[in-house]
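User: I've got this chain open on my screen and would like to talk it through. Can you take my questions one at a time?

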Amino acid sequence: MSHLHTFQVFPNIPEPLSFLETLSRNIWWCWRHDAVELFRRIDPRLWNQSGRNPIAFSTLLTQKRLEELARDSSYLAHMERVRELYEKEVAGTEPDPALGPDETVAYFSMEFGIHESIPLFAGGLGILAGDHLKAASDMNLPVTGVGLLYRQGYFRQFLDAEGWQQEQYPETDFFHIPMSRARNQEGQFLQIGLEGPEGHILADVWKIKVGNIPLYLLDTNLVENPPEIRNITARLYAAEQKIRLAQEMLLGIGGMRALEAMGIHPVICHMNEGHSAFAGLERLVQTMKRYKVDLKTAREIVPRSTVFTTHTPVAAGHDEFPADLVRPFLRPMELRLGASADEILSWGQPAGSGPDAPLSMFVLGVRMAQYCNGVSRLHGRVARRMWAHVWPELPEDEVPIAHITNGVHIASWLSMENALLCERYIGPEWRRHPSNPGILQRIDEIYGEELWRAHEMSRSRLIRTCRRLMVEQYGRRNAPKSMMREAESVLDQDVLTIGFARRFATYKRAYLLLMDPDRLVALINSKSRPVQFIFAGKAHPRDNEGKGLIRQIVEFARKADVRHRMIFVEDYDIHLARHLLHGSDVWLNTPRRPFEACGTSGMKAGINGVLNLSVLDGWWDEGYSVDRGWQIGNGEEHADVAYQDAVESQALYNILENEVIPSFYDRETGGLPFRWIAMMKESMKMSMHNFCGHRMVAEYDHQFYRPALQRHRSLVAHGGREARSLGSQIERLKRLWRHIRIEGVQKTSDSPFRVGETIDMTADVHLGDLRPEEVSVQLYFGKLKSVESLIEGQAEAMEVDQDLGGGNYRYSCTMECQRPGRYGFTVRVRPMGDEWIKSMPGLITWA
């Protein structure tokens, strides 16, 4: 049949239960255990059947059951407690006084992982974005999320009989997602448009409430659009480049237009990865229109109030698009920006690369943002090295990419049992201030036996869940009854359980554990101290090497002598992740350093007292301590990857045999592993204090948002007077910089020096028509690394000692010898001004 008309019928909620509808329409419930339990207790079986989705769940309930609840005093009292919490944390919160009523941070991300019932995410980037919004809600920070609404989302994973990954893309039932149509300033349903090379693109705008935070999602699956336009928001990370480019145009340009249509004018834009870098182009247009300034002035305002976070430590992982593919998308911007498509394109091309070079979304992102960061300390260093060619004149350690280490939303990832312990020993406010040092000290006060029993409950629940999922897996493949019976009893509730769950990419080296199969089998089948392993994770649909790793693990796990204690669970998602992070004893991570940008799953494990066993990469390079987990290797980076694999696989076995397993099974009087429990407490304190989402968002706020807010206010004041002045200053610097020359760099003596002595340095500098107050002449020095490079270079300002006439000046400074060693030095000239001016390529001259 065709031309069917549809309608949706929802239950008739009795008046005493009316708050349930309000609660189901705000995803805040998902990080409040009391609120989750309010739904689950109605009917646990149906709750799981609905995918833990309150709206879908409501359609499975009978009217009779609802009427019973409306008369249940215990249930109504529970609902009242949750309602009071909701009104305190959502409905009754005061906005951040630092920002005005119309000021917000627009947070753009290609994916948002908030809960398994809202399938708009693929992995860690989306989960991080979801945790960012949740923490911002807890902290009452005025953030507005912007993303895309995918009708098929990311794929569901199934394995065939040989263990090869298969992908399915089921349609998402939007009637079961807690969202509503966004409205424009006139109160009408909002629809935005933008021009594409194949015609007009229309998109509806939807809104999801994440606590106090609105998340707006754009959807092109409209009858007004032709099929190729509808497919823009069909799947997350479309394989076809043209669709992928259209997605990123829609996210950035369409997202900014949607905000404008609702009367939202963000004072700060935060681009979570390069996918949203086109937002900077539309923000230039809106800035020109709103503040009545030209493009040159707008280009001084927008970058100084934009944040760009990069998550990818591999250059190939960043999106690039052929210039000929991008130009047709940019031509509609020419008139609005007053710049040619080729000029706009050049903003996303490395300097000197030529007009037909691909557009790099990373380069466009950093050209539109003063505040750039990696997502861990190590990743910051990797990103500076990887992208140093964008700033070729700067030493690597001065490349303007900082770091803010990721964090996780504690309340979303802490187990029910551990949350109850926190309530009892820390107090009810631990969720709002989880990194408070005073709170953390109370973790030590938790009785060891209580913590251990709570963890045993989580492990037991994990194993029950795995057994149920394994039975479902084998059932889908029509497995024989004998295998189904084995699946029902797989794993052991008292055995050391090691979890490995993440994206299956080759650099994550899931195979490391399999490199000595005989040794692994011996660990699994030990009579006195056995070990069991649970694997889960998806490979990218086009990553056959990753799929091969999954098949390799599945084939090994099917061997008769290990299949009772080693499994691979299909279709890894937030729900399965939660069970693994709560119930595993050890969280295993084996990436090839330094390719793990951060890796937040280990943080989530840590807050539950799960101990990390990991290579010193990503966050663990900061988090590791001998009293809270184990390291694989010592942070080495080998050019010979086969050698690195061999060394680190043996190190992994040695740590398991000599440290991990004995620590777990060594039990004193009372049968408790007290050393293990002490490490659990240290792990929990470490993750809550150093790696919680509140700490992360607070760092973004203090290091980036607030300085950007102040700059935006000052730059747009008085008709953009300061921004216009900056534009003129930069234009003058670029025009005159080529005349700068440094000559005659000298020191007072060539004799060896001793610690405590001083050296007088001089340099003759030709500035041409530039004035000394427009530049900073600096002595740059450090220990010699090679004939042409320094280690830990430092800059010291030189002062004008003499005006030699004709634009020539003699500069001098005195340097104190503080440490022995072989040093090198040179002199350079940089512009005076803020960090954005100082980081501009081309505005630096070396002797």
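User: Let's start with Lys-538. Leaving aside neighbours within four places in sequence, which residues is it in contact with?

Analyst: Keep in mind that this is a predicted model. With the neighbours within four places set aside, the contacts of Lys-538 include Arg-502, Arg-503, Phe-504 and Ile-550. The rest of the list is Tyr-154, Phe-155, Arg-156, Gln-157, Gln-165, Asp-571 and Tyr-572.

User: Where in the secondary structure does Lys-538 lie?

Analyst: Look just past strand E16, which covers 531-536. Helix H22 then runs over 544-557, and Lys-538 is in the loop between E16 and H22.

User: Is Lys-538 buried or exposed?

Analyst: Buried means under 20% relative accessible area. Lys-538 comes in at 14%, so it counts as buried.

User: What does the side chain of Lys-538 reach on Phe-155, and at what distance?

Analyst: Phe-155 is among the contacts of Lys-538. Here the partner is a backbone atom: a polar atom of the Lys-538 side chain lies from the backbone oxygen of Phe-155 at 2.6 Å.

User: Which side chain shares a polar contact of 3.5 Å with that of Lys-538?

Analyst: This one runs from side chain to side chain. The partner also turns up in the contact list of Lys-538. At 3.5 Å, the polar contact is with Asp-571.

User: Is Asp-571 itself buried or exposed, and where does it lie?

Analyst: Asp-571 has 12% relative accessibility, so it counts as buried. As for its place, it is in a loop, with strand E17 (566-569) on one side and helix H23 (574-583) on the other. In short, Asp-571 is buried, in the loop between E17 and H23.

User: What is the phi of Asp-571?

Analyst: Most residues other than glycine have a negative phi. Asp-571 is not a glycine, yet its phi is positive, at about 55°.

User: Lys-292 has a positive phi too. Is it buried or exposed?

Analyst: Lys-292 is not a glycine either, and its phi is about 55°. Its place is the loop between helix H10 (279-291) and helix H11 (295-301). The cut-off for exposed is over 50%. With a relative accessible area of 68%, Lys-292 is therefore exposed.

User: Which residues does the cis peptide bond with omega of about 10° join?

Analyst: Most peptide bonds are trans. To find this cis one, go to the loop between strand E18 (586-589) and helix H24 (601-607), where Pro-594 lies. The bond joins Arg-593 and Pro-594.

User: Over to Ser-50. Which backbone atoms does its side chain reach?

Analyst: Ser-50 is in the loop between helix H3 (44-49) and helix H4 (54-58). Its relative accessibility is 13%, so it counts as buried. Its side chain reaches the backbone nitrogen of Arg-52 at 3.4 Å and, at 2.8 Å, the backbone oxygen of Trp-47.

User: Zooming out, how does the radius of gyration of the chain agree with that of a compact globule?

Analyst: The chain has 847 residues, and a compact globule with that number would have a radius of gyration near 29 Å. The chain agrees with this, because its own value is 29 Å.

User: How much of the chain is buried?

Analyst: The chain contains 29 helices and 28 strands. Of contacts between residues at least 6 apart in sequence, 73% join residues at least 24 apart. As for burial, the share of the 847 residues that is buried is 58%.

Note on methods:
Residues are numbered from 1 along each chain as its sequence is written. This is a predicted model: local features need pLDDT of at least 70, side-chain atom pairs count only at pLDDT 80 or more; totals for chains, interfaces and linings use all residues. Side-chain values use heavy atoms; hydrogens and water are left out. Helices (H or I, at least four residues) and strands (E, at least two) are DSSP runs, numbered from the N terminus. The radius of gyration is taken over C-alpha atoms; the globule rule is 2.2 Å times the number of residues to the power 0.38. Buried means under 20% relative accessible area, exposed over 50%, partly exposed in between (1.4 Å probe, protein chains only). Contact means heavy atoms within 4.5 Å. A polar contact is a pair of N or O atoms within 3.5 Å; within protein, one must be able to donate a hydrogen and the other to accept it, and residues adjacent in sequence count only if both atoms are side-chain atoms.
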